[in-house]
Amino acid sequence: TLLPSLLVLPLAACDEAVHDDDEARAGELDTNKIVNANYFIVTGPDYRKCVSPLCGGYFVARVNTGVTRCADGTWQAQCHMFDLDLSKLELDPSTEEKAREAIGEGKALVRGRLEQVDIGAAWPADVLVASEVWVGVTRAEPVGHFSRVDDTGINCITFPCPSFVERSLNTNLVDNLDHVDLSMTGATDQQIADAQAELHASGLLVVGQHTIVNGPGGSMNALEASEFYSRVE
C-alpha cells in the first residue's frame, strides 16, 4: 500500500537546513536513483524583504517527501526559487505564459533541478531548470499523494485486476491499481476522455487517495483522483 501524502508546508521567512544525515541520504537516493524523481510544486511566493536575487520569487518543495535539495546543496523543507528556466521545453510564448501562471499558483508540477545561476548580480540566483511541466487540468487543490500511473496492458476475467501500475513521485514506492477514478475532480467528460487516452498511451500524473477493491481475485487498491495533470509540450 502506498502511504505518502502531500506535505503541507508553512511559508516561513527562511527554513532551517536539514542536518540529519539519514534524512539527507534518503533524499539523495530519491534524487539519484528513483525513476520518477525531482518533481517540484510551488508552495507559495517569497515575500521576504532582502536584496534580490536572495529574496523574491517563490518557495518550492518536492512532492511526497519531507526534504528538498536546494540550489546551494542544503536539504530543507522547502527551497527558494528566484526564477524558473523553461528554455529546454521550447514552448511558444502563449503556452509558456500559461504554464508559468499555473506553476506560480501551485497548480502545476515541474520536473527539474534547482541550480545556482550567475545572472550578473552580486549573488547567484536560485533557478529551477525544468525538463518537464505538467499543468493541473481542473486547477483544483491537490489532495493526497502524487503518482505516475501507467497502463499495464493486463486484462483479467475477474476483479480486482492489476490494470495499472502506480509509481509514487520522488519515492521508490510502486503498487498495482485496479482502476483510476477521475470523476471526482470536477473535470468535464471531454477532459476525462482525453486523460484516459493519455493514461493508456503514455502515462498520467495523478494526485489522489486510495480506495480498496474487493472481489473474487482478492483485494487491490484503486486511485480516486483529486486532480490530474497534462504534460505541457
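Contact here means heavy atoms within 4.5 Å. By that criterion, the buried residues of helix H3 pack against strand E9 (145-151), strand E10 (164-168), strand E11 (174-181), strand E12 (204-215) and strand E13 (218-231). The model is predicted. This briefing covers helix H3, a nonpolar surface patch, two cis peptide bonds and residues with positive phi.

**Helix H3**

- Helix H3 covers residues 189-201, which makes 13 residues.
- At 1.5 Å a residue the helix should span 18 Å, and its end C-alpha atoms are 18 Å apart, so the expected and modelled spans agree.
- Ile192, Ala195 and Leu199 are the buried residues of H3.
- Viewed down the helix axis, these buried residues fall within an arc of 65 degrees, and therefore they line one face of H3.
- Gln190 and Ala201 lie on the other side of H3, where they are exposed.
- Gly203, just after H3, has a positive phi of about 100 degrees.

**Loop between E1 and E2**

- A nonpolar patch on the surface is formed by Val51, Leu54 and Trp123, which together have about 260 Å² of accessible area.
- Val51 sits in the loop between strand E1 (39-45) and strand E2 (58-62).
- The relative accessible area of Val51 is 42%, and because partly exposed covers the range between under 20% (buried) and over 50% (exposed), Val51 is partly exposed.
- Pro53 is also placed in the loop between E1 and E2.
- Ser52 and Pro53 are joined by a cis peptide bond, with omega of about 10 degrees.

**Loop between E9 and E10**

- The peptide bond that joins Phe159 and Pro160 is cis, and its omega is about -5 degrees.
- Pro160 belongs to the loop between E9 and E10.

**Positive phi outside glycine**

- Most residues other than glycine have a negative phi, and most peptide bonds are trans.
- Glu90 is not a glycine, yet its phi is positive, at about 55 degrees.
- The loop that holds Glu90 runs between strand E6 (83-85) and helix H2 (93-104).
- Glu90 has 73% relative accessibility; this is over 50%, so Glu90 counts as exposed.
- Asn170, which is not a glycine either, has a positive phi of about 65 degrees.
- Asn170 is found in the loop between E10 and E11.
- With a relative accessible area of 0%, which is under 20%, Asn170 is therefore buried.

Definitions and conventions: Residues are numbered from 1 along each chain as its sequence is written. This is a predicted model: local features need pLDDT of at least 70, side-chain atom pairs count only at pLDDT 80 or more; totals for chains, interfaces and linings use all residues. Side-chain values use heavy atoms; hydrogens and water are left out. Patches are made of residues with over 30% relative accessible area and no salt bridge: like charges are joined within 9 Å, nonpolar side chains (Val, Leu, Ile, Met, Phe, Trp, Tyr) within 5 Å. Accessible areas come from the Shrake-Rupley method with a 1.4 Å probe; for residues, only the protein chains shown count as cover. A salt bridge is a side-chain nitrogen of Lys or Arg within 4 Å of a carboxyl oxygen of Asp or Glu. Helices (H or I, at least four residues) and strands (E, at least two) are DSSP runs, numbered from the N terminus. Buried means under 20% relative accessible area, exposed over 50%, partly exposed in between (1.4 Å probe, protein chains only). The expected span of a helix is 1.5 Å times one less than its number of residues. The arc is that of the directions from the helix axis to the C-beta atoms.
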